[in-house]
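Reader: I should like to learn how to read a structural model of a protein chain, feature by feature. May we go through one together?

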Amino acid sequence: MLRGVPRIVVSAGVLVSIAAVIASVGAATPRLHSALYRDARDEDPGAPDITRVAVSDDRRNVTFRVWVANRPDATNDMGLQIVIDSDRRQATGNQMLVYSLGADYLVQMLGGTARLLRWAGASNRWLVTPLQPSWSYISGRATIRLRASALRNPSDFSFEVSVASGLIVDGDGTIDITTAQFDFAPDAGHGGWRYRA
Ligand SMILES: [Ca+2]
Ligand SMILES: [Ca+2]
């Protein structure tokens, strides 16, 4: 029994040290924020499966990381979309994409390219912005980075992520989803996740 006591004391000391390091790092970089969101697993065995999403920002860039458990590599029939309600107001933006979100921006990754679209309420359509996101897909993790200014520097926004397989891009650029299989995070019907910068 006694031999176990020092181990407990040492462990507690290590925990305190780690907490101190985290506190000091946090103090040195007060502008970095991040949050982690978890999605259900194996909703559709035939679809790509989102398990986690992380969002971080340093006021200059907003970065989304999306873990897709069963797709180590991106394939040409796969697509990823992030719906952003940048002002958390349903009255602004497109209200048809995700229930309870007024979607102001869309990020789409498809066929090796990524683009940022902005909802133009006056003309009631999506416009491709010239400020394109950078992205990568490595070992089942998509990383999408956007300039915060491209989203008009949101401090509090809602978002939803979806992935699909079985997408077919037709010659005119339209996307055929007839055979597509999707995973939505959070699950459909739950609105979006909230991120506060
Ligand atoms: Ca999932
Ligand atoms: Ca909105």
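Author: The dialogue below takes up confidence, overall content, strand pairing, the core and a few local features in turn.

Reader: Where should one begin, and what is the mean pLDDT of the chain?

Author: One begins with the origin of the coordinates and the confidence attached to them. This is a predicted model. Its mean pLDDT is 86, and 84% of the residues reach 70 or more. Residues 1–27 stay under 50 in pLDDT, and the model has zero contacts for them beyond four places in sequence.

Reader: Which secondary structure does the chain contain, and what share of its residues is buried?

Author: The chain has one helix and 14 strands. Of its 197 residues, 30% are buried. A further view comes from the contacts between residues at least 6 apart in sequence: 53% of these join residues at least 24 apart.

Reader: How does one read a sheet, and in what order do the five strands of the open sheet lie?

Author: One follows the pairing from one strand to the next. In this model the order is S1-S2-S3-S9-S8, with antiparallel pairing. The edges are strand S1 (33–38) and strand S8 (134–138), each of which pairs on one side only. With direction ignored, neighbouring strands of this sheet are turned by 10° against each other on average.

Reader: How many bridges join S3 to S9?

Author: S3 and S9 run antiparallel and are joined by seven bridges. Within S9, leucine 146 stands opposite valine 62.

Reader: Is strand S4 largely enclosed by the rest of the structure or not, and why?

Author: Burial is judged by the count of C-beta atoms around a residue, and a residue is buried if 20 or more others lie within 10 Å of its own. In strand S4 (residues 79–85), six of the seven residues are buried, so the strand is largely enclosed by the rest of the structure.

Reader: Which strands pair with S4?

Author: One partner is strand S5 (residues 105–110), which runs antiparallel to S4 and is joined to it by six bridges. In that pairing, valine 83 stands opposite leucine 106 of S5. Another partner is strand S10 (residues 156–165), also antiparallel, with seven bridges. There, leucine 80 stands opposite valine 163 of S10.

Reader: Which residues of the largest nonpolar core touch the most other members?

Author: To read a core, one asks who its members are and which elements supply them. The largest nonpolar core has 39 residues, and those touching the most other members are Val66, Ile82, Val83, Ile84, Val107 and Ile144. The elements giving two or more residues include S4, S5, strand S2 (50–57), strand S3 (61–68) and strand S9 (141–147). S10 provides the largest share, five residues.

Reader: What does valine 107 touch, leaving aside residues up to four places away in sequence?

Author: Valine 107 touches Gln81, Ile82, Ala114, Leu116, Pro133, Ile144 and Leu146, with that exclusion applied.

Reader: May we examine single residues elsewhere? Where is alanine 142 placed, and is it buried or exposed?

Author: Alanine 142 is in strand S9. It counts as buried because it has 25 C-beta neighbours inside 10 Å. Beyond residues up to four places away in sequence, alanine 142 touches Val66, Val68, Leu80, Met109, Trp135 and Tyr137. Its C-alpha atom is separated by 9.5 Å from that of methionine 109, 33 residues away along the chain.

Reader: How far apart are phenylalanine 182 and alanine 164 in sequence and in space?

Author: They are 18 residues apart in sequence and 4.3 Å apart in space, C-alpha to C-alpha. Phenylalanine 182 lies in strand S13 and is buried, with 20 other C-beta atoms within 10 Å.

Reader: Which peptide bond is cis, and what is the phi of serine 100?

Author: For such questions one reads the backbone angles. The bond from alanine 185 to proline 186 is cis, with omega near -5°, and proline 186 is in the loop between S13 and strand S14 (193–196). Serine 100 has a positive phi, near 85°, in a residue other than glycine. Serine 100 is placed in the loop between S4 and S5, and its 13 C-beta neighbours inside 10 Å make it partly exposed.

Reader: What is the phi of asparagine 124, and is this residue buried or exposed?

Author: Asparagine 124 has a positive phi of about 60° although it is not a glycine. The residue is in the loop between S6 and strand S7 (125–128) and is exposed, with 8 other C-beta atoms within 10 Å.

Key
Residues are numbered from 1 along each chain as its sequence is written. Chains are lettered from A and ligands numbered from 1 in the order in which they are written. This is a predicted model: local features need pLDDT of at least 70, side-chain atom pairs count only at pLDDT 80 or more; totals for chains, interfaces and linings use all residues. A residue is buried if 20 or more other C-beta atoms lie within 10 Å of its own, exposed if 12 or fewer, and partly exposed in between; C-beta atoms are placed from the backbone. Helices (H or I, at least four residues) and strands (E, at least two) are DSSP runs, numbered from the N terminus. Two strands pair if DSSP finds at least two bridges between them. A nonpolar core is a set of buried Ala, Val, Leu, Ile, Met, Phe, Trp, Tyr and Cys residues joined through C-beta atoms within 7 Å. Two residues are in contact if their C-beta atoms, placed from the backbone, lie within 7 Å. Axes are lines fitted to C-alpha atoms, for helices over the stretch in contact, and angles run from 0 to 180 degrees between N-to-C directions. pLDDT is the predictor's confidence in each residue, from 0 to 100.
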